[in-house]
Amino acid sequence: MQTIGAAILFWYAGPLFRQVLLDPGGHVARPENLVWSLSAITLMQAGYWIRHRLRLPPPQVFRNALVGYIVLFVARMSFVLATSVFGFVFIVRRPEFQIPTSRYFAVIIGLFALFCYTQELEQLGRALISPNLSKRASPV
């Protein structure tokens, strides 16, 4: 569920983020963008909290260090996108980029959903590398 939600978020947010970077003043907040983003966030959060509540262990399909490190890499890269969005919206604050105040809340919950997804990917990556690493806390 989380991966589907993240894929939807990245599929739509990537081009939108590039468009806003190229022309911040030309961005118009559209209702359909809010609908797909909140739908993806809901899917991601539902998957995360259901798994968290049920305390399900990571899948133990196979062990492969290469695949595990690729999953860890994807986790970090997904969070790089999240931090770049955060930096653009909250730190850089270009005056020509205007979004309604309510959309800032959507950005925050979207970033939180990506944080939770990153945590899950890191746990999966560590489990694929070694069973002992999945039980250890992240060094970050």
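This is a short tour of a predicted model, stop by stop, with something to select at each one.

**Stop 1: the whole chain**

Start with the full chain in cartoon view. Which pattern does the chain follow along the sequence? Reading along the sequence gives α-α-α-α-α, and the chain has five helices and zero strands. Turn the model around and you can get a feel for its dimensions: the C-alpha atoms fill a box of roughly 50 × 25 × 20 Å along the principal axes.

Now switch on the surface. The chain exposes about 8700 Å², and carbon and sulfur atoms supply 69% of that area. Of the 140 residues in the chain, 39% are buried. Contacts that link distant parts of the sequence are worth a thought here too: among contacts with a separation of 6 or more, 81% are between residues 24 or more positions apart.

**Stop 2: Gln2, at the start of α1**

Select Gln2, which is found in helix α1. Is Gln2 buried or exposed? Gln2 counts as buried because its relative accessibility is 10%, and the cut-off for buried is under 20%. Show the residues around Gln2 next. Leaving aside neighbours within four places in sequence, Gln2 is in contact with Met44, Gly47, Tyr48, Cys116, Tyr117 and Glu120. Keep Met44 and Tyr117 highlighted for the next stop.

**Stop 3: Met44 and the largest nonpolar core**

Which residues does Met44 touch, not counting residues up to four places away in sequence? Met44 touches Gln2, Gly5, Ala6, Leu9, Ala113, Leu114 and Tyr117.

Met44 also belongs to the largest nonpolar core, which has 16 residues. To see the members with the most contacts inside this core, select Leu9, Met44, Leu114, Tyr117 and Leu121. Four helices, α1, α2, α3 and α4, each supply at least two residues of the core. The largest share, seven residues, comes from α4. A second, separate core has seven residues, including Val20, Phe88, Val89 and Tyr104. In soluble globular proteins, nonpolar side chains tend to be buried together.

**Stop 4: the cavity**

Next, look inside the model. How many cavities of 30 Å³ or more are there? The count comes to one, and about 540 Å³ of space lies in it. To find its middle, select Ala13, Leu16, Trp36, Val85 and Val107, the lining residues nearest the centre. In total, 27 residues line this cavity. The elements giving two or more residues to its lining are α1 (2-22), α2 (31-54), α3 (65-92) and α4 (101-129). Colour the lining by class and you will find 21 nonpolar, four polar and two charged residues.

**Stop 5: two pockets**

Return to the surface for the pockets. The largest pocket holds about 220 Å³ of space. Select its lining: Met1, Gln2, Thr3, Gly47, Arg51, Pro58, Pro59, Tyr117, Glu120, Leu121, Gln123 and Leu124. Gln2 from the second stop is in this list. Helices α1, α2 and α4 each supply at least two of the lining residues, and α4 gives the most, with five. By class, the lining divides into six nonpolar, four polar and two charged residues.

The second largest pocket has about 180 Å³ of space. Here, select Tyr48, Arg51, His52, Arg55, Leu56, Gln119, Glu120, Gln123 and Arg126. Arg51, Glu120 and Gln123 line both pockets. At least two lining residues come from each of α2 and α4, with α4 providing the largest share, four residues. What classes make up this lining? It has two nonpolar, three polar and four charged residues.

**Stop 6: Leu128, in α4**

Finish at Leu128, which is found in helix α4. Leu128 is buried, since its relative accessible area is 8%. Not counting residues up to four places away in sequence, Leu128 touches Phe62, Arg63, Asn64, Ala65, Val67, Gly68 and Val71. For a last look, draw a distance from Leu128 to Val74: the two are 54 residues apart in sequence and 14 Å apart in space, C-alpha to C-alpha.

How values were computed
Residues numbered from 1 in each chain as written. Predicted model: local features only at pLDDT ≥ 70, side-chain atom pairs only at ≥ 80, totals over all residues. Heavy atoms only, no water. 1 Å grid on protein atoms, 1.4 Å probe; cavity = no way out; pocket = protein on both sides within 12 Å on 5 of 7 lines; lining within 4 Å. Points joined across faces, edges and corners; volume = space filled by probe spheres on them. Nonpolar A, V, L, I, M, F, W, Y, C, P; charged D, E, K, R; others polar. Buried < 20%, exposed > 50% of the residue type's maximum accessible area, 1.4 Å probe, protein only. Contact = heavy atoms within 4.5 Å. Core = buried A, V, L, I, M, F, W, Y, C linked by side-chain atoms within 4.5 Å. Areas by Shrake-Rupley, 256 points an atom, 1.4 Å probe, with all protein chains shown as cover.
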